[in-house]
Amino acid sequence: MSGEFEDLKRRMDGAIAAFKHDLASLRTGRASSNLLDAVQVQAYGTAMPINQVANVSVPEPRMISVSVWDKSMVSAVDRAIREANLGFNPIVDGTTLRIPLPELNEQRRKELVKISHGYAENARVAVRHVRRDGMDFLKKAEKDGTISEDDQRKRSDQVQKLTDEMISSIDHLLSDKEAEIMQV
């Protein structure tokens, strides 16, 4: 049974990891190389993530630098960044694209907060689905006679405690991200 509990914990941790990844892709006032993770470049006849055709770095707090490895790919990378609807206007300098981050206005900050709340809710739902699976497994185990009613109750409490910890962690991550987004 402890293997089942570890599996539930692993799945809940996966939901939180996905939530962290979603939050990292949200643009705040500071530059982050994760902001370009979603950009797909048409390269060599296929769509590739930008990090497979260029090196993405953050030389300054409000600037992203993209060093394209193949000189012939510079215009494709520039086009991909512009068409990704991230609001970026790259400045091409040889094989390097410099992307200055404009200040976020109040309205855009509020939109980003709403988006982050949506990501948080998705993560909470994922954690609750894992909880439900765990509870169903325990009820079935009790019904089949593999665990006693007391064991089922004790393990259900453990699953609920784990769920509460994960939800609390999601809420904490959300409030940190909100503060980061609203910071002017």
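Buried means under 20% relative accessible area, exposed means over 50%, and partly exposed is what lies in between. Keep these cut-offs at hand for the exercises below, which all concern a predicted model.

**Exercise 1. Follow a salt bridge inside one helix**

Task: Find how aspartate 7 and arginine 10 meet, and say where each stands on the scale from buried to exposed.

Solution:
- Step 1. Start with the contact: the two side chains, of aspartate 7 and arginine 10, form a salt bridge with an N to O distance of 2.4 Å.
- Step 2. Place the pair. Both belong to helix H1 (residues 2-24), and because they are 3 residues apart, about one helical turn separates them.
- Step 3. Recall the geometry: an α-helix has 3.6 residues a turn, so residues three or four places apart point the same way.
- Step 4. Apply the cut-offs. Aspartate 7, at 26% relative accessibility, is partly exposed, while arginine 10, at 52%, is exposed.

**Exercise 2. Compare two bridges between helices**

Task: Which helices do the salt bridges arginine 11 to aspartate 133 and arginine 124 to aspartate 171 tie together?

Solution:
- Step 1. Take arginine 11 and aspartate 133, whose salt bridge spans 2.6 Å from N to O. Arginine 11 sits in helix H1 and aspartate 133 in helix H3 (residues 106-144), so this pair links parts 122 residues apart in sequence.
- Step 2. Check accessibility: arginine 11 has 31% and is partly exposed; aspartate 133 has 30% and is partly exposed.
- Step 3. Move on to arginine 124 and aspartate 171, where the closest N and O atoms of the salt bridge are 2.7 Å apart. Here helix H3 provides arginine 124 and helix H4 (residues 149-182) provides aspartate 171, so the bridge ties together parts 47 residues apart in sequence.
- Step 4. Sort these partners too. Arginine 124 is buried, because its 14% is under 20%, whereas aspartate 171, with 35%, is partly exposed.
- Step 5. Widen the view: shared partners join Glu121, Arg124, Arg128 and Asp171 into one salt-bridge network. The count for the model comes to 14 salt bridges.

**Exercise 3. Build the sheet strand by strand**

Task: In what order do the 4 strands of the open sheet lie, and which of them stand at the edges?

Solution:
- Step 1. The order is E3-E4-E6-E5, and the pairing is antiparallel.
- Step 2. E3 (54-60) and E5 each have a single partner strand, so one side of each is left without a neighbour in the sheet; these are the edges. From one strand to the next, the twist averages 25°.
- Step 3. Look at E4 and E6, which are joined by 5 bridges. Valine 66 has leucine 97 of E6 as its bridge partner, and isoleucine 64 has isoleucine 99 of E6.
- Step 4. Turn to E5 and E6, an antiparallel pair with 3 bridges. Valine 92 stands opposite leucine 97 in E6. The two strands form a hairpin with 2 residues between them, and glycine 94 in the turn has a positive phi of about 70°.

**Exercise 4. Put a helix on the sheet**

Task: Which residues of helix H2 (residues 74-83) are buried, and what do they pack against?

Solution:
- Step 1. The buried residues of H2 are Val74, Ala76, Val77, Asp78, Ala80 and Ile81.
- Step 2. They pack against strands E1 (40-43), E4 (63-68), E5 (91-93) and E6 (96-100).
- Step 3. Finish with E6, whose side chains alternate: Leu97 and Ile99 point to one face and are buried, but Thr96, Arg98 and Pro100 point to the other and are not.

Notes:
Residues are numbered from 1 along each chain as its sequence is written. This is a predicted model: local features need pLDDT of at least 70, side-chain atom pairs count only at pLDDT 80 or more; totals for chains, interfaces and linings use all residues. Side-chain values use heavy atoms; hydrogens and water are left out. A salt bridge is a side-chain nitrogen of Lys or Arg within 4 Å of a carboxyl oxygen of Asp or Glu. Buried means under 20% relative accessible area, exposed over 50%, partly exposed in between (1.4 Å probe, protein chains only). Contact means heavy atoms within 4.5 Å. Two strands pair if DSSP finds at least two bridges between them. Axes are lines fitted to C-alpha atoms, for helices over the stretch in contact, and angles run from 0 to 180 degrees between N-to-C directions.
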